[in-house]
Amino acid sequence: MIAIIDYGMGNLHSVSKAIERLGYPAVLASDEETIMSADAAILPGVGAFGDAMQNLRDTGLDEVTRRYAASGKPLLGICLGMQLLFTSGEEHGANAGLGLLPGSVVRFEGSYKIPHMGWNKLEFRQKSPLFEGLAEGHVYFVHSFHARPERDEHLLATTDYYQHVTAIVGRDNIYGMQFHPEKSGELGMQLLANFLKLSGRPEA
Amino acid sequence: MLAKRIIPCLDVKDGRVVKGVNFVNLRDAGDPVELAATYDREGADELVFLDISASHEGRATMVEVVRQTAGEITIPFTVGGGIGHVDDMKRLLRAGADKIGINTAAIRSPELVSEGARKFGSQCIVVAIDAKFNPEWGEWEVYTHGGRNATGLKALEWVKRVESLGAGEILLTSMDADGTKDGFDLKLTRAVSDMVSIPVIASGGAGKIDHFYDVFEQGHADAGLAATIFHYKEMTIGEVKEDLRGKGVEVR
């Protein structure tokens with residue numbers, strides 16, 4: 001079973017249906033027992049970094065997510081969920097993140113369109129099980145802040161938007177995607193499928 | 001850099017697609033969910049549903065269509081038509097829509113744009129504008145109700161206004177070009193695109209493959225929207241993209 005961590009941020013319907021279409025049972029979970037027993041967990045999220053961390057702390061799901069990450073089972077942060085994996089975010093003042101990946105989340109600055117919204121091309125920077133059998137292509141982004149990993153080896157894929165923008169990160173069993181794989185056509189679904197394969201469950 | 005987007009638009013009334021859609025191999029050509037999934041497979045970058053239901057029941061049905069569509073497709077989609085309150089936006093976004101299109105309601109109460117942007121984020125708010133050239137003014141005027149009612153608003157002033165209110169995107173339909181198949185209104189599209197820094201989706205007039213290249217290169221649009229030509233299979237989204245790619249335009 002795949003747990004989608006439900007901490008009151010955003011619509012989880014699309015991601016849950018996408019997982020089911022890939023042949024895995026998905027549940028929205030906000031209790032420790034369900035999350036810890038899942039074969040893989042997804043930390044979704046849209047909205048503001050500070051609000052999201054506040055919700056996670058209020059529900060105790062910040063600790064549960066850290067424990068899940070420490071269990072060695074695959075964890076995937078999507079969009080804001082990816083940003084929360086980092087040490088800190090600067091949205092509306094500095095906020096501590098989950099601290100699972102060293103680095104910070106900063107606002108786009110420049111005379112170009114913000115948010116970075118639309119289809120942009122991935123460039124794979126490292127070998128990763130997520131890229132198994134896949135070619136680089138376009139995925140769908142919507143974000144005004146972007147992550148700056150401290151360590152190059154955690155940066156798995158980038159996209160080009162007036163600079164290199166972090167698109168996929170990973171360390172051991174912990175992964176993050178800045179774009180929405182569930183809204184990114186076939187490539188998005190394949191990336192999600194490759195992540196789900198890490199749960200060790202055969203496709204139904 | 002961002003790819004230029006090709007967006008089919010589906011008119012939905014009481015949960016059914018209207019305006020003849022000519023797809024073969026569909027179990028039910030009037031089913032918006034099945035059509036949406038078909039366009040997704042054909043490479044559409046986004047979809048727009050325009051709800052033209054006149055009744056409360058019809059609009060309630062649309063929420064269910066949105067819910068089912070969100071579970072079936074893998075691309076973002078916008079829902080517009082008959083949205084007059086923040087509660088309507090919330091209902092549709094919760095059901096799985098990615099963006100909400102507002103037109104007449106934004107003109108009637110511009111605070112709806114700012115309120116929606118504040119609550120859900122600018123990226124969720126698409127302001128749809130129907131514009132028509134007013135020869136007396138020598139510029140474009142905003143219309144409502146499918147081009148029937150003139151508002152007295154200058155289109156180029158209105159787009160600036162909605163941008164400052166927090167709109168995330170503009171869906172610009174030329175009433176002069178709509179239905180002609182002679183191509184998008186390049187002058188209007190360019191004037192609007194150059195006026196604002198939010199993305200502009202050009203609509204109305206697409207009839208040939210070249211028209212998409214023109215609206216991106218000369219009209220400076222970020223996306224091109226069409227209905228009839230795709231519904232009637234006059235061209236496929238794949239063909240449009242192949243043409244654009246061949247001319248050096250980045251597409252997915």
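**Close-ups of a predicted two-chain contact and a pocket**

**View 1. Twelve pairs and the helices behind them.** Between chain B and chain A, there are 12 residue pairs in polar contact, with both partners at pLDDT 80 or more. Keep in mind that this is a predicted model. On the side of chain B that touches chain A, the elements giving two or more residues are α2 (56–72) and α3 (86–95) of chain B. Of these, α2(B) brings the largest share, four residues. Sort the residues on this side of chain B by type and you get 13 nonpolar, six polar and 12 charged.

**View 2. A salt bridge from chain to chain.** Here the side chain of A:K113 meets that of B:D222 in a salt bridge, at 3.3 Å from N to O. The count of salt bridges between chain B and chain A is two.

**View 3. The whole contact between the chains.** Step back a little, and the contact draws in 31 residues from chain B and 25 residues from chain A. Together the two chains bury about 2100 Å², with 56% of that on carbon and sulfur atoms. Look for B:M1, B:L2 and B:T74: they supply 30% of the area that chain B buries against chain A, more than any other three residues.

**View 4. Inside the second largest pocket.** This pocket has a volume of about 1100 Å³. Its lining is made up of 41 residues, and the ones nearest the centre are B:D11, B:L50, B:N103, B:D130 and B:G146. By type, the lining of this second largest pocket splits into 16 nonpolar, 17 polar and eight charged residues.

How values were computed. Residues are numbered from 1 along each chain as its sequence is written. Chains are lettered from A and ligands numbered from 1 in the order in which they are written. This is a predicted model: local features need pLDDT of at least 70, side-chain atom pairs count only at pLDDT 80 or more; totals for chains, interfaces and linings use all residues. Side-chain values use heavy atoms; hydrogens and water are left out. Contact means heavy atoms within 4.5 Å. Buried area is the accessible area (1.4 Å probe) that two parts lose on being put together, summed over both. A salt bridge is a side-chain nitrogen of Lys or Arg within 4 Å of a carboxyl oxygen of Asp or Glu. A polar contact is a pair of N or O atoms within 3.5 Å; within protein, one must be able to donate a hydrogen and the other to accept it, and residues adjacent in sequence count only if both atoms are side-chain atoms. Ala, Val, Leu, Ile, Met, Phe, Trp, Tyr, Cys and Pro count as nonpolar, Asp, Glu, Lys and Arg as charged, and the others, Gly among them, as polar. On a 1 Å grid over the protein atoms alone, a cavity is a set of points where a 1.4 Å probe fits but cannot get out, and a pocket is an open set with protein on both sides within 12 Å along at least five of seven lines; lining residues have an atom within 4 Å of a point. Grid points are joined across faces, edges and corners, and a volume is the space filled by probe spheres set on the points.
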